[in-house]
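Work through the exercises below with the model open beside you. Try each task before reading its solution.

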Amino acid sequence: ERFAAHLRFDPAITWQGHQWRSVPGGEWRNFHGSQRNEWEVFEFVRANLDDRAAKRAISMGAPQIMGFNHLSVGYLNVEEMFDAFNGSAHNHVLGFFDFVNADAGRVQALRAGDYLAFARSYNGAGQAAHYAALIQDSVNIFNRLRAAPQSNVDGGSKPPAAHLPLPEGPVGPDGVPVLDAELYAAWRQHMIHGIQQNEAMFGQILAAFMQPYRTTIWMYRSLFVVGIVAFTAAIVMSYLTRSLEYAYVFGGLGATAFVSFFLSRPIRALEENLNFITWLGVIYNSYWTRLLYAVNLATIQDDLEKITGDFVRQIKELIDKNKDHHDGRPGLR
């Protein structure tokens, strides 16, 4: 009687016709579709009818798991589930996977692509077709997004297109694109050449850096080997000749090689240069990206001044930082 005084539903289709009223005899009101209204009903039922029954009767969190399914998602009682879902969205994600895995039929339905069977198990039979259609739509979108990349002229594959939307070309003060085809073609070609030159330049810089870097690494390895061989020769020759002269000569050579290996650090400068090359690449890529999107003719002058000024400032900061590192190296003070 207390329930019927405040809540009602369609007895033929129980998931329809949900209405409530705060006082007996008052006007019946719908509440689904509004989080604020649903929370109002929920808090009213908790306080005036039955707290546990209210929690068991709601769909909780992002995965919309009914409270009476608390055991399926690892909670001894509905209160624990409510507190966990109320405390962290992370528990919503865990709850979803636990609920799916709790029924082998749900897992098999997903693997088989039978979304109607999955929806019937997950949400109940009432609106299974509706939920199956929603799932299928999402699967279709996902499959389009993960479609195989286009093949290039070499028969390989190229990475997906950039996430940034490509600009449509210069726009006028009123925001309308400039329709001068010749101007747009020239602007587009200029941008393409600039980006290609930027890529080529960094390819050359990186190649020029890697050659001395690899050479230095091999020199270090050779120096280490010389040290080991010299120490070994000193021990063997001293033993065979019963003389310490070889120990002094080869031992000194080995010691010199090891000292040179561990104390001299020419590779340090090369490693620092690699960092600077990386930073320089970021600066140049940022510059060209910003320039590519500076297409509003109403603000183009200010945009170009700001882009160029930021670029010059960042280059100067990089040069100063490089100088500080150079001055701080041993023997250069």
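**Surface and overall make-up**

The accessible surface of the protein comes to about 22700 Å², and 60% of this belongs to carbon and sulfur atoms. Accessible areas come from the Shrake-Rupley method with a 1.4 Å probe; for residues, only the protein chains shown count as cover. This is a predicted model: local features need pLDDT of at least 70, side-chain atom pairs count only at pLDDT 80 or more, and totals for chains, interfaces and linings use all residues. Residues are numbered from 1 along each chain as its sequence is written, and side-chain values use heavy atoms, with hydrogens and water left out.

**Exercise 1. Take stock of the protein: how many helices and strands are there, and what percentage of the residues is buried?**

Step 1. Count the elements. The protein has 12 helices and five strands. Helices (H or I, at least four residues) and strands (E, at least two) are DSSP runs, numbered from the N terminus.

Step 2. Check burial. Of the 333 residues, 25% are buried. Buried means under 20% relative accessible area, exposed over 50%, partly exposed in between (1.4 Å probe, protein chains only).

**Exercise 2. Find the largest nonpolar core and say which element gives the largest share.**

Step 1. Apply the rule. A nonpolar core is a set of buried Ala, Val, Leu, Ile, Met, Phe, Trp, Tyr and Cys residues joined through side-chain atoms within 4.5 Å.

Step 2. Locate the core. The largest has 23 residues, and Ile65 and Met81 have the most contacts inside it.

Step 3. List the elements. Those giving two or more residues are α2 (35-48), α4 (78-87), α5 (89-101), α6 (104-112) and α7 (115-123). The largest share, five residues, comes from α4.

Step 4. Look at Met81. Beyond its neighbours within four places in sequence, Met81 is in contact (heavy atoms within 4.5 Å) with residues including Met60, Ile65, His70 and Tyr75.

Step 5. Look elsewhere. Another core, of 16 residues, lies apart from this one; Tyr287, Val295, Ile300 and Leu318 are among its members.

**Exercise 3. Classify Phe85: buried or exposed? Then list some of its contacts.**

Step 1. Place Phe85. It is in helix α4.

Step 2. Classify. Phe85 counts as buried because its relative accessibility is 6%.

Step 3. Trace contacts. Leaving aside neighbours within four places in sequence, Phe85 touches Met60, Ile65, Asn91 and Gly95, among others. Phe85 and Gly95 are 10 residues apart in sequence and 8.6 Å apart in space, C-alpha to C-alpha.
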